[in-house]
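Please open the model in your viewer and keep the selection tool at hand, since this tour proceeds by selecting groups of residues in turn.

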Amino acid sequence: MTAPRSASWLDDFSTRLAGLDAQHLRRTRRVVRPLVGAYLEVDGERLLGFCSNDYLGLADHPALVAAACAGAQTYGVGAGASPLVSGHSPANAALEPQLAAFAGLPRALYFYAGYAANAGIVPALVSEGDAVFCDALNHACLIDGARLSKARIHRYPHANLAALECDLAASPAPRKLILTDAVFSMDGDIADVPGLLALAEHHDALLLIDDAHGFGVIGPQGRGCAAHFNLHGGAASPRLLYMATLGKAAGVAGAFVAGSEALIEWLLQTCRSYIFATAPPAMLASALQASLQLIEHADHRRSHLQALIARLRSGLASSLQHGDWQLGESVTAIQPLRIGSNAAALAAMAGLRQRGLWVPAIRPPTVPAGTARLRIALSARHTLADVDRLVQALCELAPHPQA
Ligand SMILES: *Cc1c(COP(=O)(O)O)cnc(C)c1O
């Protein structure tokens, strides 16, 4: 007999979805096919995109494609098991010391995704009774890792090292771990890594930096934020764990964490998202080896990117100086144009789309409420003319205050 149907929480989902619609928070996916340059086919329409983290334009590079194909020919497509069982291929094994050398740290561990890396690394380092210290604008996966760890979470105001120092000094926890984005993913600003490391040294803490948006782009030869601040090689601190993703500037997929021999060996032994997941396919490790070679010699791509950033910032500074839209302080390829309300950010995105441009509107919970924005991502794929076109369109759309 089936019981008479009464109200169930199952019915809540459609109500809650309608709630998302009412707040302009419903998200949709589009089917996107990359075209030549920074152009994309979005649901069948050709648009100039400012939406990709492929900062160096390597994702379709022939050398990477060839390396991936060769890797598939040699090793097949799937790894078949966890790296601790039988999934650790010769390509994956060769990649790790290359990643470590590139970042200038003793040893590296290669993960299938950055989200999984952070969600696993934090609980492998700290647990109940310990404390983590999180910048308020950290990426979701650092926060999720902190929650999974059951350590006490202290959130300090964005980039406020004085507040962090107070929290560290007041905490009686036996193990303290500071977590930060190195380049903040929605604001593009760079963390004061030397200042954070000095606090870590002083308070017997560890520092994990997530360089998803710096690796390949920042520092000499694109070696990332640790190298940018000269915290690599002989100057590397055993308290620093450097994590970066490989699906952004590196143009492939996955992530790695690098640090001292002992810390990396500990993660290999205890990090659950590493141990209980199938290893990344060898074909990706092959592609990543090719990518590291290219990144090291991509100064022309990085200087072109710098020229694009300067062009965008000077163009917007002169045209938006009296309006409500605020261009964030960022020297990186992530250029946030803060608009405020969710509806206004979506309207700006729609206006750009009508003009053949695609720039994502970023809304809460990805960014704090009231700070919805256009997240303009530049890539070495863009031309100066592409940037000029975006600046022109934004000028047309920006609200101009009454004189
Ligand atoms: C993209 C991103 C991640 C997640 O990396 P994936 O490899 O895409 O899972 C982690 N941290 C930051 C700051 C990111 O921007």
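The tour goes through the open pockets, then the enclosed cavities, and then a pair of helices, in what is a predicted model.

**The largest pocket**

Begin by selecting R27, M186, I362, R363 and T366, which are the closest to the centre of the largest pocket among the 38 residues that line it. The space in this pocket comes to about 1000 Å³. Next, colour α5 (140-149), α13 (342-354), β14 (361-362) and β15 (372-377), because each of these elements, defined as DSSP runs, supplies at least two residues of the lining. If you then colour by domain, you will find that domain 1 (32-56 + 299-397) and domain 2 (62-296) each contribute at least three residues to the lining of the largest pocket. By class, that lining divides into 18 nonpolar, 7 polar and 13 charged residues.

**The second largest pocket**

Now move to the second largest pocket, where about 360 Å³ of space is found. Select P34, L40, S52, D54 and R381, which are the closest to the centre of this pocket out of the 19 residues lining it. The strands to display here are β1 (32-34) and β2 (39-42), each of which supplies at least two residues of the lining of the second largest pocket. The lining of the second largest pocket is made up of 10 nonpolar, 6 polar and 3 charged residues.

**The cavities**

How many cavities of 30 Å³ or more are there? The count comes to 3, and the largest cavity holds about 50 Å³ of space. To see what encloses the largest cavity, select its lining residues D135, Y156, A159, L161, T180, F184, A191, D192 and L196, a set that divides into 6 nonpolar, 1 polar and 2 charged.

**Helices α4 and α9**

Finally, show helix α4 (residues 114-125) together with helix α9 (residues 261-270), whose axes come within 10 Å and cross at roughly 105°. Because angles of 65 to 115 degrees count as roughly perpendicular, α4 is described as roughly perpendicular to α9. To inspect the contact itself, select I121, A124 and L125 in α4, and add L263, W266, L267 and T270 in α9, which they meet. By class, this contact of α4 with α9 has 6 nonpolar residues, 1 polar residue and no charged residues.

Conventions. Residues are numbered from 1 along each chain as its sequence is written. This is a predicted model: local features need pLDDT of at least 70, side-chain atom pairs count only at pLDDT 80 or more; totals for chains, interfaces and linings use all residues. Side-chain values use heavy atoms; hydrogens and water are left out. Axes are lines fitted to C-alpha atoms, for helices over the stretch in contact, and angles run from 0 to 180 degrees between N-to-C directions. Helices (H or I, at least four residues) and strands (E, at least two) are DSSP runs, numbered from the N terminus. Angles under 35 degrees count as roughly parallel, over 145 as roughly antiparallel, 65 to 115 as roughly perpendicular and the rest as oblique. Contact means heavy atoms within 4.5 Å. Ala, Val, Leu, Ile, Met, Phe, Trp, Tyr, Cys and Pro count as nonpolar, Asp, Glu, Lys and Arg as charged, and the others, Gly among them, as polar. On a 1 Å grid over the protein atoms alone, a cavity is a set of points where a 1.4 Å probe fits but cannot get out, and a pocket is an open set with protein on both sides within 12 Å along at least five of seven lines; lining residues have an atom within 4 Å of a point. Grid points are joined across faces, edges and corners, and a volume is the space filled by probe spheres set on the points. Domain bounds come from an automatic or database domain assignment.
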